[in-house]
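User: I'm new to this one and would like to go through it piece by piece. Can we take it as a set of short questions?

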Protein chains: 2
Amino acid sequence: MLSKKTQYAFHALIHLAENADKGPILISEIAQEKNISIKFLENILLELKNAGILGSKKGKGGGYYLLKTPKEIPLAKIIRLLDGAIALLPCVSLNYYERCENCRDEAVCGLNDVMSKVRDATLKILENKTLKDILTRNVSIL
Amino acid sequence: MLSKKTQYAFHALIHLAENADKGPILISEIAQEKNISIKFLENILLELKNAGILGSKKGKGGGYYLLKTPKEIPLAKIIRLLDGAIALLPCVSLNYYERCENCRDEAVCGLNDVMSKVRDATLKILENKTLKDILTRNVSIL
DNA sequence: CATAAACTCTATAAAAAGGATAGACTTTTT
DNA sequence: AAAAAGTCTATCCTTTTTATAGAGTTTATG
């Protein structure tokens, strides 16, 4: 299961993309629209900003906005950024690999084998689908 | 990512299956063999017992043993028992569904749509693969 | 039938994740 | 120059997950 953080990030990104034509969007607007704690959302948007996905403008008329087009933001990237590994086991993760502490030899571990298949099937979807693919509204400017 | 609980459960079940010909297996043996905290493992085996997957025998010569053949234990069942939902989002879970608090209408939510596909791809593997498929050693008695 | 071996149960503690709060800092408008 | 409207940073509280401790119960067996 994805963490709340990642779930909120997706909803926030969707809102930002669908309102990209309106200039910087207030955190408070996203929080209200998507029913998310405003302060918690602050931290999440900040992480997305530090990762180069969002930009922000301070002062009156400020807010957050996408730095890339939705098509350039794969869903897998968001999950890895906020949740870490996508795989179900650490010993099967491509980006956050950790040696298995519970088995003798990963090379002949049947669990490793099955979970690799699950990872591949999941990544095939999440690395190819982007923010654009999960938008409801089509925004002409994008 | 699967919880430690579920990860440990898989390794314990593998050990039980691969040594099914030896009668009841001690918790301590599994814990040592698989490098798992013995007391934590106790709780896990108890849950598996209460779910009807394992049986136990008390007293000298006691221990845990499988109540079903490995082929009858789908991997998805173990995950659902110990971790709950397999899906990445509550609003997409078949067995642990919860309404989405962050979007207006799940029926037209693009996130819901993509995550349903991930769920289907994952379940296609995890519901068809069983404990038997992740064993290293072939035990004739099974 | 006493004893040791082994599982069972309840309570508690430590660590991580989720969520909430406060206040400092920055930019813009007037 | 100052107030308004935002972001940024740090800390704290609660819940869940992970792990530990110890008393209690059952069973084989000599």
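User: Which strand's base nitrogen does a polar side-chain atom of B:Glu42 lie 3.1 Å from?

Analyst: Keep in mind that this is a predicted model. In it, a polar side-chain atom of B:Glu42 sits 3.1 Å from a base nitrogen. A polar contact needs N or O atoms within 3.5 Å. The base nitrogen belongs to DNA strand C.

User: Which residue has a side-chain N or O atom 2.5 Å from a phosphate oxygen of DNA strand C?

Analyst: Phosphate oxygens of DNA strand C turn up in two places here. One is 3.1 Å from a polar backbone atom of B:Ile27. For the 2.5 Å distance, the side chain belongs to B:Ser56.

User: How many residues surround DNA strand C, and how much of what comes within 4 Å of the protein is sugar and phosphate?

Analyst: DNA strand C has 24 residues around it, and the closest are A:Ser37, A:Lys39, B:Lys49, B:Ser56 and B:Tyr64. Of the atoms of DNA strand C that come within 4 Å of the protein, the share of sugar and phosphate is 75%.

User: Which element gives the largest share of the surface near DNA strand C?

Analyst: Several elements supply at least two residues each: helix H1 (4-18) and H3 from chain A, plus H3, strand S1 (54-57) and strand S2 (63-66) from chain B. By type, the residues of this surface split into seven nonpolar, seven polar and ten charged. The largest share is three residues, and they come from H3(B).

User: Over on DNA strand D, which residues come nearest?

Analyst: There are 25 residues around DNA strand D. Sugar or phosphate makes up 68% of the atoms of DNA strand D within 4 Å of the protein, and bases make up the rest. The residues that come nearest are A:Leu46, A:Lys49, A:Tyr64, B:Ser37 and B:Lys39.

User: Which residue has a polar side-chain atom 2.3 Å from a phosphate oxygen of DNA strand D?

Analyst: Let's go through the bases before the phosphate. A side-chain N or O atom of A:Glu42 is 3.0 Å from a base nitrogen of DNA strand D, while a polar side-chain atom of B:Lys39 is 2.5 Å from a base oxygen. The partner of the phosphate oxygen at 2.3 Å is A:Lys49.

User: How many residues does H3(A) bring to the surface near DNA strand D?

Analyst: The elements with at least two residues there include helix H3 (38-50) of chain A and helix H1 (4-18) of chain B. The residues of this surface divide into six nonpolar, eight polar and eleven charged. H3(A) provides the largest share, and its count is five.

User: Are H5(A) and H5(B) roughly parallel or roughly antiparallel?

Analyst: The axes of the two helices, residues 110-126 in each chain, come within 9 Å and cross at roughly 160 degrees. The residues that make the contact include A:Val118 and A:Ala121 of H5(A) and B:Val118 and B:Ala121 of H5(B). By type, the contact residues are twelve nonpolar, two polar and two charged. An angle over 145 degrees counts as roughly antiparallel, so H5(A) and H5(B) are roughly antiparallel.

User: And how does H2(B) sit against H3(B)?

Analyst: Their axes come within 9 Å and cross at roughly 120 degrees. The contact takes in B:Ile27, B:Ser28, B:Ile30 and B:Ala31 of H2(B) along with B:Ile38, B:Leu41, B:Glu42 and B:Leu45 of H3(B). The crossing is right-handed. With that angle, H2(B) is oblique to H3(B).

Key:
Residues numbered from 1 in each chain as written. Chains lettered and ligands numbered in written order. Predicted model: local features only at pLDDT ≥ 70, side-chain atom pairs only at ≥ 80, totals over all residues. Heavy atoms only, no water. Near = heavy atom within 4 Å. Polar contact = N/O pair within 3.5 Å; in protein donor to acceptor, adjacent residues only side chain to side chain. Helix = DSSP H or I, 4+ residues; strand = E, 2+ residues; numbered from the N terminus. Nonpolar A, V, L, I, M, F, W, Y, C, P; charged D, E, K, R; others polar. Axes fitted to C-alpha atoms, helices over the stretch in contact; angles between N-to-C directions. Parallel < 35°, antiparallel > 145°, perpendicular 65-115°, else oblique. Contact = heavy atoms within 4.5 Å. Left-handed = near helix turned anticlockwise from the far one by under 90°.
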